[in-house]
Amino acid sequence: MSALPLEIKAVVAIALVLSVARAFLGVPARRAHDRLARTLVGLSICLYVLAGEALLENQDGMAAAFVICGVEALCLAAWVARRRDDDDGWDDDGGGGGDGPDDDGPIDWDAFDRARDGWRPREPVA
């Protein structure tokens, strides 16, 4: 990394700072993606291990590239793991009830019980 001009190092540093700021302070993703976040954290750990091995073999440029990619992977993991304040973790894509503006009112439990009486009895599963 020492062979790069100072201007390129400054651009990379600014990009990393902006990426970290966006991941932790910016608008979160529409939905939290826990599995993707865990995968990205694993990827960043692998990249850091590769950076350590590159340093042991005196390949500073490769080590720096691995560290930069690892930081970006962690920023992306933090961004996709965040949840909006109005997101309760459930899928609200139009299915099911709720207290939304198109709610039909309270649930009619008597009608539910009448409908349930017509269901076939379930066989116990062994």
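User: Leaving aside its neighbours within four places in sequence, with which residues is S44 in contact?

Analyst: In this predicted model, S44 touches G70, A73 and L74, once its neighbours within four places in sequence are left aside. These count as contacts because heavy atoms lie within 4.5 Å. S44 itself is found in helix 2.

User: Why is S44 called buried?

Analyst: The relative accessible area of S44 is 1%, and the term buried applies under 20%. S44 is therefore classed as buried.

User: What makes A73 buried, and which residues is A73 in contact with?

Analyst: A73, a residue of helix 3, has a relative accessible area of 7%. Buried means under 20%, so A73 meets the criterion. Apart from neighbours within four places in sequence, A73 is in contact with L40, L43 and S44. A73 and I45 are 28 residues apart in sequence, and their C-alpha atoms are 9.3 Å apart in space.

User: Is L74 to be called buried, partly exposed or exposed, and how do you know that?

Analyst: L74 lies in helix 3 and has 33% relative accessibility. The partly exposed class falls between the 20% and 50% limits, so L74 counts as partly exposed.

User: Which nonpolar surface patch includes L74?

Analyst: L74 belongs to a patch of about 450 Å², made by V41, I45, Y48, V49, V67 and L74. Membership requires over 30% relative accessible area, and L74 has 33%. Helix 2 and helix 3 each supply at least two residues of the patch, with helix 2 giving the most, 4 residues.

User: How do you know that helix 3 has a span close to the expected one?

Analyst: Helix 3 covers residues 60-81, 22 residues in all, and reaches 31 Å from its first C-alpha to its last. The expected value at 1.5 Å a residue is 32 Å, and the span is close to it.

User: Which residues of helix 3 are buried, and what covers them?

Analyst: The buried residues of helix 3 are A63, A64, F66, G70, A73, C75, A77, A78 and V80. Their cover includes helix 1 (6-25) and helix 2 (34-56).

User: What makes up the largest nonpolar core?

Analyst: The largest nonpolar core has 5 residues: L47, A51, A54, A63 and F66. Helix 2 and helix 3 are the elements that give two or more residues to this core, and helix 2 gives the most, with 3 residues. The set is called a core because its members are buried nonpolar residues joined through side-chain atoms within 4.5 Å. As a general point, nonpolar side chains in soluble globular proteins tend to be buried together. One member, A63, is in contact with A51, A54 and L55, leaving aside its neighbours within four places in sequence.

User: Why is the pair D113 and R116 called a salt bridge?

Analyst: The closest N and O atoms of D113 and R116 are 3.2 Å apart. The limit is 4 Å, so the pair qualifies as a salt bridge. By this rule the count comes to 1 salt bridge. In general, side chains of opposite charge can pair when their charged atoms come close.

User: Where do D113 and R116 lie, and how many residues apart are they?

Analyst: Both lie in helix 4 (residues 109-117), 3 residues apart, about one turn of the helix. An α-helix has 3.6 residues a turn, so residues three or four places apart point the same way.

User: Are D113 and R116 buried, partly exposed or exposed, and how do you know that?

Analyst: D113 has a relative accessible area of 31%, and R116 has 40%. The partly exposed class lies between 20% and 50%, so D113 is partly exposed and R116 is partly exposed.

User: Where does N58 lie, and what is its phi near?

Analyst: N58 lies in the loop between helix 2 and helix 3. Its phi is near 60°, a positive value in a residue other than glycine.

User: Why is N58 called exposed?

Analyst: N58 has 68% relative accessibility. Exposed means over 50%, so N58 counts as exposed.

User: How many helices and strands does the protein have?

Analyst: The protein has 4 helices and 0 strands, and from the N terminus on its elements run α-α-α-α. Of its 126 residues, 17% count as buried. Among contacts between residues at least 6 apart in sequence, 75% join residues at least 24 apart.

Conventions: Residues numbered from 1 in each chain as written. Predicted model: local features only at pLDDT ≥ 70, side-chain atom pairs only at ≥ 80, totals over all residues. Heavy atoms only, no water. Expected span 1.5 Å × (residues − 1). Buried < 20%, exposed > 50% of the residue type's maximum accessible area, 1.4 Å probe, protein only. Patch = residues over 30% accessible without salt bridge, like charges linked within 9 Å, V, L, I, M, F, W, Y side chains within 5 Å. Areas by Shrake-Rupley, 256 points an atom, 1.4 Å probe, with all protein chains shown as cover. Salt bridge = Lys/Arg side-chain N within 4 Å of Asp/Glu carboxyl O.
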